[in-house]
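Q: Could you take a close look at the enclosed space inside this protein for me? I'd like to know what surrounds it, and then how it sits beside the rest of the fold.

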Amino acid sequence: MAIVDHPTTSWQAMQEGNVFYRRQQCYSTPGKLPELGDYIVAGCRYGGPIALMRDHTKLLALGRSTPAITKAQIQIYSPAGEGLLVFSWDQGKIIRFGWTIDEKLAVLNEEGVYRLYDLQGDYQQHSLGAEAAELGVIDARIHDNGLVALTSSLTLLEVKGWEGGQPLVLANPSLSEPPHSWAVIPPDLNISRHVEVLLSVDATIYTVDNLESVDQRLSRGPFTHVSPSPNGKSLALLTFNGSLWVVSTDFQRSMAEFETSNVPGAEGPIRQVEWCGNDAILVTWNSTVILVGPFGDILHYAYSGTTFAITEMDGVRVMGEDVCDLIQKVPDSTLSIFRPGSTSPSAILYDAWESFARKSPKADESIRSIKPELAKAVNECIDAAGQEWEPHWQRRLLNAAKFGRGFLDFHNPTDFVQMGQTLKVLNAVRYYEVGIPLTYSQYNYASPSRLITRLTSRNMHLLALRISGFLGIKPDAVLKHWACAKILRSRPTITGTGKDAELSADDEVCRMIVEKFEELGGTEVSYADIAKKAWEVGRGGLATKLLDHEPKGSDQVPLLLDMKEDKLALVKAVDSGDTDLVYHVLLHLHKRLPLGSFFRLLEDGGKGLAPASKLLEVYAREQNREMLRDFYYSDDRRVESAVLSLEEASHMLDQTSRITAVKTAQKFFSEDKDRSFEAKMADESARLLTFQQQLENEADGKIKFFGLSLNETIRLCLLNGFSKRADKMKSDFKVPDKRFWYIKLYSLTESRDFEGLEAFAKSKRSPIGYEPFVRHLAEKGYQKEAIPYVAKCDSPKRADLYVECGEWRMAGKECKDRNDKAKLDELRKKAPNSMIARELDQLRLQ
């Protein structure tokens with residue numbers, strides 16, 4: 001068993017022994033990394049990889065192991081020195097590259113084009129816009145959630161997020177030349193929640209945001225390095241003469257000063273000024289590294305060759321040619337336990353556990369001495385276990401905490417259990433083959449789900465899946481990424497030729513993905529997302545098969561439309577029962593397909609697409625009559641076309657158009673042998689409208705005929721002296737005599753043409769009799785004019801008709817002539833007054 005150094009072995013004291021810093025070796029990387037001094041390097045925070053690009057301003061010595069590179073090439077290594085990715089760049093001069101919070105490499109060129117590369121080499125490309133392309137970009141700063149670019153016109157452009165949004169122009173600092181150095185404070189570290197740019201100009205610093213540019217009126221510049229602290233509250237400034245000055249970011253408080261020119265062994269220019277947490281600053285030269293404390297204390301660290309430092313939230317990671325170290329302030333819990341001579345409760349608890357392990361009675365005495373503070377000591381041991389890198393010391397500290405818990409009546413074990421789980425995860429990802437040197441603080445800040453995403457981006461799906469299961473996190477994200485990676489790596493099997501071979505592979509890959517999801521419980525994974533990936537890489541058949549397993553029609557349909565699987569998309573939409581989705585597909589297809597192809601698709605769908613056809617009718621009837629007309633015509637639906645024409649005619653104001661529409665309806669009806677009646681009616685309607693149009697012309701438009709019914713038209717003709725036209729309409733439209741007589745009776749009565757009415761009644765024998773004459777005239781108040789027609793009516797009805805006309809005496813006389821005593825008695829009883837009653841009595845006595 002290897003001997004494990006005590007935690008204090010790597011400690012170095014500052015501030016007269018009150019503060020300690022430690023250098024923890026994460027990985028040994030001899031021969032794995034090239035000479036960092038020959039490269040431009042960008043490091044990813046939270047234990048992420050580093051990206052290297054050959055610095056063409058430096059000569060490359062012959063005979064070295066570094067491969068010859070003819071064009072810009074970026075290499076990505078894990079902190080353990082393992083190569084993750086190499087890709088070439090052919091999009092113009094690279095101005096800056098850096099890492100996003102999602103561990104993607106952002107690469108920006110001089111034309112304002114930037115790409116976001118993942119660790120598999122896939123990228124998304126965006127641009128800063130036409131103005132940036134025209135002006136050119138001369139420098140940039142990239143932070144976790146965006147970038148700020150400096151154009152050749154010395155204006156600042158900010159990109160918020162990595163979705164390719166439109167860049168924002170920050171306030172104009174009115175520069176006459178590029179700044180000596182500059183840095184950005186990200187929005188999440190600013191009280192205003194806006195990015196703040198710090199520009200070293202002449203002897204001062206300008207702070208620029210989206211609203212204003214402020215001169216801080218300093219006199220100690222210019223500054224070669226401007227470095228904000230991880231919490232954004234402090235600023236490290238390095239002058240040209242080597243003075244390191246630490247101030248608050250509002251420039252109201254000077255915190256420390258240090259002369260770097262007096263550091264022994266430091267040769268050449270300073271390469272980096274990086275923060276170690278928020279309390280100390282790391283300054284690096286070609287082969288010398290020092291840590292400057294808040295009171296000017298320094299610690300020396302020796303490295304062979306050039307180093308590269310990456311600021312972390314709780315320390316600083318130093319990459320050398322043969323080592324990866326983490327330098328950080330010793331955490332309080334660790335210091336409390338392991339500090340030489342410590343008498344804190346946690347140190348006593350740890351000592352008691354060691355005594356117990358040696359079976360020494362001193363353990364009981366030690367526990368009793370800290371009994372009031374035992375719970376605090378247990379918690380400190382648990383926290384210290386999380387701060388240790390070596391599993392040996394993690395176990396010892398957790399055992400000490402476990403030992404202390406045994407003496408507590410009540411203690412929540414949640415923290416203890418979670419720490420054990422967390423350490424298992426951290427130890428797994430710190431392994432050199434994984435190469436993510438994550439600290440406990442960084443793990444808590446970035447969350448477990450972010451760690452799982454980082455593992456899947458490295459195609460470490462098995463480890464990500466095991467960690468998900470271990471921590472009780474749904475494996476959906478891992479399974480989705482695994483499925484997409486599986487599709488990219490799979491190739492058609494050689495079981496046939498051409499398309500058959502590919503189909504064979506599609507079936508196999510689809511089966512594997514579905515089985516894996518069912519086995520591991522990926523019930524919430526969207527098959528549509530995976531199918532989209534398959535389609536993007538040219539595996540349309542596989543995409544279709546995967547979509548068959550997608551339960552949500554709303555997820556299936558959009559991709560099927562993109563794949564131009566039109567009929568299948570429509571079938572899936574109909575099967576989903578979602579009318580909005582069906583409408584979405586129909587309108588999309590109507591816009592994209594030729595009209596004939598669109599309608600043919602619906603026709604060929606048969607009963608399965610019948611609901612879609614009906615929904616299209618409903619929509620078209622309300623929104624697009626032209627499309628409905630085309631749909632009916634293409635589907636040879638003559639009756640519906642005719643009805644549609646009639647509906648449209650009813651809303652038309654132009655007479656000619658309306659007649660044409662009715663004639664069109666008649667034509668459609670005539671083409672259906674079962675609709676001869678409708679065809680005849682439509683024809684008569686068209687002829688009537690034409691006749692009415694002629695009548696209006698004859699009347700100089702003074703009389704409104706158009707659109708009236710046949711009866712009403714004849715009535716108007718009779719009222720307005722167009723009797724011959726009325727007769728012609730009767731003849732042309734075969735109006736029955738009875739109806740015509742009624743119309744003429746009503747019309748002549750309305751016009752009070754009683755002479756004409758009498759002549760009409762005498763013109764020939766009335767087909768309706770004369771009783772309607774009497775009743776209608778009496779009803780309209782013309783009883784006197786009605787009396788002559790009573791005599792022409794049937795004798796049994798005359799008495800009642802005379803009564804309706806108000807002639808009771810004539811009614812009585814009619815009863816007397818007919819010798820109808822019963823009717824006469826009935827009239828006597830109904831007599832309206834005594835005079836009429838006496839007259840009726842006289843008739844009875846005669």
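A: Just one cavity of 30 Å³ or more turns up in this predicted model. The volume of that largest cavity comes to about 70 Å³. Its walls are made by Arg22, Gln24, Leu326, Gln328, Gly386, Gln387, Glu388, Trp389, Arg430, Thr439 and Tyr440. Three elements each give two or more residues to that lining: strand E2 (19-28), strand E29 (323-329) and helix H5 (374-387). As for chemistry, the lining of the largest cavity splits into three nonpolar, five polar and three charged residues.

Now for the open spaces. The second largest pocket holds about 1000 Å³, and 31 residues line it. If you want to find its centre, look for Lys104, Asp118, His481, Cys484 and Lys533, the lining residues that lie nearest to it. Strand E10 (123-127) and helices H9 (448-457), H11 (476-489) and H13 (527-536) are the elements that give two or more residues to this pocket's lining. H11 gives the most, with nine residues. By class, the lining of the second largest pocket has 14 charged, 10 nonpolar and seven polar residues.

Further along the chain, helix H17 is a nice one to check by hand. H17 runs over residues 579-592, and at 1.5 Å a residue its 14 residues should span 20 Å; the C-alpha atoms at its ends are 20 Å apart, so the two agree. Which residues of H17 are buried? They are Leu581, Val582, Val585, Leu586 and Leu589. These five cover an arc of only 135° around the axis, which means they sit on the same side of H17. The spacing behind that is familiar: an α-helix has 3.6 residues a turn, so residues three or four places apart point the same way. Flip to the other side of H17 and you meet Asp580 and Lys591, both exposed.

Zooming out, the chain has 33 helices and 29 strands. Of its 846 residues, 48% are buried. And if you take the contacts between residues at least 6 apart in sequence, 49% of them join residues at least 24 apart.

Technical notes. Residues numbered from 1 in each chain as written. Predicted model: local features only at pLDDT ≥ 70, side-chain atom pairs only at ≥ 80, totals over all residues. Heavy atoms only, no water. Helix = DSSP H or I, 4+ residues; strand = E, 2+ residues; numbered from the N terminus. Expected span 1.5 Å × (residues − 1). Buried < 20%, exposed > 50% of the residue type's maximum accessible area, 1.4 Å probe, protein only. Arc of directions from axis to C-beta. 1 Å grid on protein atoms, 1.4 Å probe; cavity = no way out; pocket = protein on both sides within 12 Å on 5 of 7 lines; lining within 4 Å. Points joined across faces, edges and corners; volume = space filled by probe spheres on them. Nonpolar A, V, L, I, M, F, W, Y, C, P; charged D, E, K, R; others polar. Contact = heavy atoms within 4.5 Å.
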